[in-house]
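Q: I'm new to this one and would like a close look at a single part of it. Could you walk me through one stretch of the chain and what sits around it?

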Amino acid sequence: MDEMHARQLKLIPKQGFPIDLVGVGNTGSYLGLALAKIGLRFTVWDPDHVEVENVGTQLYGAGDVGQPKILALTRAVGMLTGGERIEGKQEIVSAYTRLPRGGLVITTVDSMKARAEILDACIAS
């Protein structure tokens, strides 16, 4: 853990505690930044690309339009935190997705169908 995150040392799991953030749109992009700013390392899942309408409400800028959200988020978070904290997976979490056991899955998707699929993936893992 680096000096920038010294205050959080007692709160941040040392290792073996996977965190998965599913959906990095409006809420998820800012939550991803907040997680990284306190020093956490995590995996983001999102199959989408940044669209023009995302720029006004999400962490992304005009230069990110057309880029996969996971790449745009990784770049933005890296610039703002000074480190690489995100592993990106440009895919949908479905009932067949194998998520790490014993961790935390945060879902910020806006579809009830997608939420059900994520729950199924958690139960199956």
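A: Sure. Keep in mind that this is a predicted model. Let's start with strand 1, which covers residues 19-22 and is covered on both faces. Ile19 and Leu21 are buried on one side, and Asp20 and Val22 are buried on the other.

Now for its partners. Strand 1 pairs with strand 4 (residues 104-107) in the parallel sense, over 4 bridges. Across that pairing, Leu21 stands opposite Ile106. Strand 1 also runs parallel to strand 2 (residues 42-45), and 3 bridges join the two. Here Asp20 is the one to find: it stands opposite Thr43 in strand 2.

How does the chain get from strand 1 to strand 2? It goes through helix 1 (residues 26-37), making a right-handed β-α-β crossover.

Helix 1 is worth a look of its own. Its 12 residues should span 16 Å at 1.5 Å a residue, and the 17 Å between its end C-alpha atoms agrees with that. Buried in this helix are Gly28, Ser29, Gly32, Leu33, Leu35 and Ala36. Looking down the axis of helix 1, you'd find its buried residues within an arc of 165°, so they line one face of the helix. The spacing fits a simple rule: an α-helix has 3.6 residues a turn, so residues three or four places apart point the same way.

And what do those buried residues of helix 1 pack against? They pack against strand 1, strand 2, strand 4 and helix 2 (69-81). Finally, just after helix 1, look for Gly39, which takes a positive phi of about 100°.

Terms used. Residues are numbered from 1 along each chain as its sequence is written. This is a predicted model: local features need pLDDT of at least 70, side-chain atom pairs count only at pLDDT 80 or more; totals for chains, interfaces and linings use all residues. Side-chain values use heavy atoms; hydrogens and water are left out. Buried means under 20% relative accessible area, exposed over 50%, partly exposed in between (1.4 Å probe, protein chains only). Two strands pair if DSSP finds at least two bridges between them. A crossover is right-handed if, with the strands pointing away from the viewer, the path from the first strand over the helix to the second runs clockwise. The expected span of a helix is 1.5 Å times one less than its number of residues. The arc is that of the directions from the helix axis to the C-beta atoms. Contact means heavy atoms within 4.5 Å.
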